[in-house]
Amino acid sequence: MTDETSRFRARFWGVRGSYPTPGPRTVRYGGNTSCVEVEVGSQTIILDAGSGIIRLGHDLLRRSADGPLHISLFITHGHSDHLIGLPFFNPLYEPQTHIDFFGPRMDNRPIEQLVTPLMSQPYFPVDMRKLPSRRSFYTLDGHEHILWRKGESEPIIARIAQQPQEGDVHLMVTLTNSHPLNGAAIYRIEYAGHSLVYATDVEWKDQCEPAFLAFVHNADVVIHDAQYTTSDYEQTRQGFGHSTIEMATGVAAAAQIGHLILFHHEPTYDDDKLDAMQAGARSQFPRTSSAYEGMEIDLLMDAPTRGKQ
Ligand SMILES: [Zn+2]
Ligand SMILES: [Zn+2]
């Protein structure tokens, strides 16, 4: 596994929901909002551009050492906790960088119009359209299959599944309506017989959508919204578009996944509360971990196989 293109690693740069929460009460899990980096094959895929993407940007530039940098950035939806870091994502300012933006159409706006207003007057002094990096935009309708052939950096986007060959990276997308008001995209990445799902900002009320369960089925790792305790949810948070621990573990069991990662932590919950929620979740689905900043999962080396425990 020393070959740089034979890799499937997820690294968490922001795990918090709604708004950043720096400070001593969140120091172990971290206070930055949603951002997960996935190094898969020869691709660098970033899931959401919350405040966690700022430090990732510094790290990517350090790792590329002024060489070319090609990134695929997948946005789930337009809420600020998933975009707030973008204006401070330093690779945007580098001529050596090429960023492919992917994301759903929201409120009739294609992905380009979802992200560029963040970096334009009067919200930000620098206009994204004038930056020296190269940017491409791909608006998704929820039925695409995106394929990167081994060693290629340009995506192939199709409406029907292309047959992946050994070494190809395959990404699928689906949309849910469970998050107000425009829903959110869910992404599934497959490589070398392993799979990772990123499903944040979802809420399953009485029962999970069958199409979602089919989409998640048998994944090795599922990063799932788990913002609330059941009591907080039942008292005041129903309809906010986020899940409880029980909803996340219910998905994990029903979809027969390998490992569940609790994500999009409620900003008012401190580290001790998240510890307790992780323990509670493990009593329902043992192969569960709560995401924290700096957490890494190597799907080729140490991801638990389905049914191993
Ligand atoms: Zn969110
Ligand atoms: Zn949201």
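In the predicted model, helix α1 comprises the 13 residues 52-64, for which a rise of 1.5 Å a residue gives an expected span of 18 Å; the C-alpha atoms at its ends lie 19 Å apart, in agreement with that expectation. Six positions of α1 are listed here as buried: Gly52, Ile53, Ile54, Leu56, Gly57 and Leu60. An α-helix has 3.6 residues a turn, so residues three or four places apart point the same way. The buried residues of α1 pack against four strands, namely β1 (8-14), β2 (35-40), β3 (43-47) and β4 (69-74). Just after the helix, Ala65 adopts a positive phi of about 50°.

The strands contacted by α1 belong to an open sheet of 7 strands, arranged in the order β6-β5-β4-β3-β2-β1-β15 with mixed pairing. The edges of this sheet are formed by β6 (134-140) and β15 (296-298); each has a single partner strand, so one side of each is left without a neighbour in the sheet. Neighbouring strands are turned against each other by 20° on average, direction ignored. Within the sheet, β1 and β2 run antiparallel and are joined by 6 bridges. Ala10 has Val38 of β2 as its bridge partner. Helix α1 packs on this sheet through contacts with β1, β2, β3 and β4, and its direction makes about 130° with that of β1.

A further open sheet contains 8 strands in the order β8-β7-β9-β10-β11-β12-β13-β14, again with mixed pairing. Its edge strands, β8 (156-158) and β14 (288-290), each pair on one side only. From one strand to the next, the twist averages 20°. An antiparallel pair is formed by β10 (residues 184-191) and β11 (residues 194-199), which are connected over 5 bridges. Opposite Ile189 stands Leu196 of β11.

Helix α5 packs on the 8-stranded sheet, where it touches β12 (221-225), β13 (259-263) and β14. The direction of α5 makes about 155° with that of β13. Helix α6 lies across β13 and β14 and runs at about 170° to β14. Both helices therefore have contacts with β13 and β14. 

The two helices also meet each other. Two packed helices are described by the angle between their axes and the distance between the axes. The axes of α5 (residues 245-254) and α6 (residues 271-284) come within 10 Å and cross at roughly 35°. The crossing of α5 past α6 is right-handed. On the α5 side, the contact is made by Ile245, Glu246, Ala248 and Thr249, and on the α6 side by Met277, Gly280, Ala281 and Gln284. By character, the residues of this contact divide into 4 nonpolar, 3 polar and 1 charged.

Helix α6 also contains Asp272. This residue has 10 C-beta neighbours inside 10 Å and therefore counts as exposed, the cut-off for that class being 12 or fewer. Between Asp272 and Pro110 there is a separation of 162 residues in sequence and of 40 Å in space, taken from C-alpha to C-alpha.

Note on methods
Residues numbered from 1 in each chain as written. Chains lettered and ligands numbered in written order. Predicted model: local features only at pLDDT ≥ 70, side-chain atom pairs only at ≥ 80, totals over all residues. Axes fitted to C-alpha atoms, helices over the stretch in contact; angles between N-to-C directions. Helix = DSSP H or I, 4+ residues; strand = E, 2+ residues; numbered from the N terminus. Left-handed = near helix turned anticlockwise from the far one by under 90°. Contact = placed C-beta atoms within 7 Å. Nonpolar A, V, L, I, M, F, W, Y, C, P; charged D, E, K, R; others polar. Pairing = 2+ DSSP bridges. Expected span 1.5 Å × (residues − 1). Buried ≥ 20, exposed ≤ 12 C-beta atoms within 10 Å, placed from the backbone.
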